[in-house]
Each structure stands twice: as structure tokens, then as C-alpha cells.
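Biologist: I have the sequence and the structure open side by side, and I would like a close look at one part. Could you walk me through a strand inside the fold and what surrounds it?

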Amino acid sequence: MRQVLVNPLSGYYMEGDVFGKQGDFVTSPEISQLFGEMTGIWYLTEWMRLGKPKKTQLVELGPGRGTLMSDMLRTLSQFPYFYETITGVHLVEASPGLRKMQLSALVKDAEEVEGKVEKATRSDGINIYWHDGAEVIPEGWSCIMAHEFFDALAVHSFEKTEEGWRELLIDFDDTDETLADLLSRGGGTGLAIDYGQDYAQGDTIRAIRKHEIVHPMSDPGSADLSADVDFAALKVAMGKYSDITTYGPVTQSKFLQSLGIQTRLEMLLKNAKTSESRTTLINGFQRLLDPAMMGRIYKVMSFSKENDTSTSAKPVGFE
């Protein structure tokens, strides 16, 4: 599964843009700016809940086009007392093509880079760093975002044959423990947002090409491979660190509503200049929250280091 997705020569994500209507699938940040704005506000509330540390860093795993981080930074910049604490933004991205897209989204008028993008500086002075893996993210009080990241990690898949159970894919990824270790050492908080359940399911491996389900083995490297996330397993892995507390998962609908997405929508509608823009805002809002669309199947889990604070309050959205 890892080879199909991120092999340097033929991996699915290595080609560049696979998102949006012209790609193979659409993610929440691409559907509406409301998603990034609400998650940005959540990190602000966590920073306040956990003692307002003087130095922070933002971390995103699998940043896609860079839309989510761009929306979060735009929102957080409205709160200078937090924004001034950000020492850097760290993106975990294997694809050279996607790194260039993220550079364009995060750094205005960025010069074209030959080869692999490693670092850039925004006009507001914030440095953006790109990493190949989570294990090299520097220690520091971190706001971690893992949106539709764990669903693309390699999983174990088994098939029952006449000779008994046989494993089809053999791989292992300990990114969940790596993130818990990062928070355990430096402090911070994080979100894992993905489709899945709070328990192990059956075979959920799927391949998506041009917004349609195809057989995972039909043409490896030409379609997105993913599997439903087992949030219970994530919590067990992070629970190996006694100072890390997990919450949830809750549905995406509940999480976004608890952060005031309805109020934000009303504000945007008042300022919208055309009926087309108002329709786009409403349709995006509905798609994010509707239980029949993304509101229920997508879950949100939070994790944070809390033993150094006196707070007994739970994170917003997980009360």
C-alpha cells in the first residue's frame, strides 16, 4: 500500500494534484473555507486551555494542496496574541509535486523551486518546513493536524483460503506513536480527522479513481488507496504514553457545530456579494454537516499532553 501511494517513481501521490473535481476525490478543506477556519479556532481554544505556551509550532501530516493550513493560518492571524507564538509550520509530505502546490498556497508570490521544496518564508515572517516523515519534526509545543492521513497508511489485510488465513499486505506504520512521543516530549495538542469507527471493522480497503470506486488491484498507482480508520487502535497506541490524553472520536458534524460553524456561515452569507457565492457557502456547509454526506462517517479525535496544567476542562467539541 505504501509503495502504491508514495513510491518515488510510480506512487499515486507523487504525480501531483489528485484532489478536487478534476482529480479523484474531494476533501473537506477543498469543499469549504469553513472547515479550516473552525479547526484553526479549535487550536486557539486548546492553546488557551493548556496554559498559553509562549512558543508553538503547527504540524500537518499529508497537507494536500495546502488549503487547510492556509485557511488555518489566515484565521489564526486574526488573533495576534497566539499568532506571535508560532515559531514555524512543519509539513510532512513525500510528494515533490504536492510540496510545490503547498508552497504556492502558503507563500504568496513564491518563486519557482527547482527540485524538492525544503523551506520557505512567508511575508509575515513564519517559516514553512517540509519533512519526509513525522519522526524528524523538531521538538516543541505542537498543534498537530492529521486530516485524512491515517486512512492512507499501510494496513494488514487477510484472506481466508483453503489453507487457512493468509495475509495479503504486510506492512506497519508507527506514526501514531511518533506523534504521541512528540507531544510527550514537547507538549501540545492534535486532531485526527478521518472516516472510520471507534472499533475494528472488516475489510475496508478501497480504491478511488475519478470519484468512483475501482478494484484496489486493477491498476496500482493510478487510484487512491485507503481504509477506514480504527480510532480505538489509535487511542491504544497513543495510550502507551501515560501523559497523553485522548478524546472522542465524535462526528465531524458535532465537532464543527460546537465550534460555531453556523454563526460563521451566517456572517459569511451577509458579506457574500453574489448569489453564486452564497449558494457555494450553503452547499459546502451542508456537505460538511449532513449525516448522509460527510457529517457522520467522518470522525474527529483529539489528543494532548495535559499533565503539566491544572485544567480539568475538556477540549471544545469533546465535552
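Modeller: Here is a tour that starts at strand S14 and follows its neighbours outward. Please keep in mind that this is a predicted model. The protein averages a pLDDT of 85, and 76% of the residues score at least 70.

Let us begin with the strand itself. S14 covers residues 298–305, and eight of its eight residues are buried. In general, side chains in a regular strand alternate between the two faces of the sheet. In S14, one side carries Tyr-298, Val-300, Ser-302 and Ser-304, while the other carries Lys-299, Met-301, Phe-303 and Lys-305. Both of these faces are covered, and the residues on them are all buried. Notice that this list includes Lys-299 and Lys-305 as well as Phe-303.

Now for the partners of the strand. Strand S8, residues 188–197, runs antiparallel to S14 and is joined to it by seven bridges. To find this pairing on your screen, look for Leu-191, whose bridge partner in S14 is Ser-302. Strand S13, residues 244–251, is also antiparallel to S14, with six bridges between them. Here Ile-244 is a good place to look, as its bridge partner in S14 is Lys-305. S13 also holds Pro-249, and the peptide bond that leads into this proline from Gly-248 is cis, with omega near 10 degrees.

From the strands we can move to the nonpolar core. The largest one has 47 residues, and Leu-191 and Phe-255 touch the most other members. Helix H3 gives the most to this core, with seven residues. A second, separate core has 21 residues, among them Leu-61, Phe-150, Leu-179 and Ala-192.

Phe-255 brings us back to where we started. Its contacts beyond four places in sequence include Val-300, which is one of the buried residues of S14. Phe-255 also touches Leu-191 and Val-250, along with Thr-39, Trp-42, Val-316, Gly-317 and Phe-318.

Helix H9, residues 252–258, helps to cover the buried residues of helix H10, as do H3 (33–49) and helix H11 (275–289). In H10, residues 261–271, the buried residues are Ile-261, Leu-265 and Leu-268. These cover an arc of only 65 degrees around the axis, so they sit on the same side of H10. The face turned away from that side carries the exposed residues Thr-263, Lys-270 and Asn-271.

For the second core, Leu-61 makes a handy landmark. Leu-61 belongs to strand S1, residues 56–61, and is buried because its relative accessible area is 0%, under the 20% cut-off. Among its contacts beyond four places in sequence are Val-92, Ala-134, Ile-144, Phe-149 and Leu-179. The C-alpha atoms of Leu-61 and His-131 are separated by 9.4 Å, although these residues are 70 apart along the chain.

One last word of care concerns residues 167–172, where pLDDT stays under 50. The model has 15 contacts beyond four places in sequence for this stretch. Where pLDDT is low, the predicted coordinates should not be read in detail.

Conventions:
Residues are numbered from 1 along each chain as its sequence is written. This is a predicted model: local features need pLDDT of at least 70, side-chain atom pairs count only at pLDDT 80 or more; totals for chains, interfaces and linings use all residues. Side-chain values use heavy atoms; hydrogens and water are left out. Buried means under 20% relative accessible area, exposed over 50%, partly exposed in between (1.4 Å probe, protein chains only). Helices (H or I, at least four residues) and strands (E, at least two) are DSSP runs, numbered from the N terminus. Two strands pair if DSSP finds at least two bridges between them. pLDDT is the predictor's confidence in each residue, from 0 to 100. Contact means heavy atoms within 4.5 Å. The arc is that of the directions from the helix axis to the C-beta atoms. A nonpolar core is a set of buried Ala, Val, Leu, Ile, Met, Phe, Trp, Tyr and Cys residues joined through side-chain atoms within 4.5 Å.
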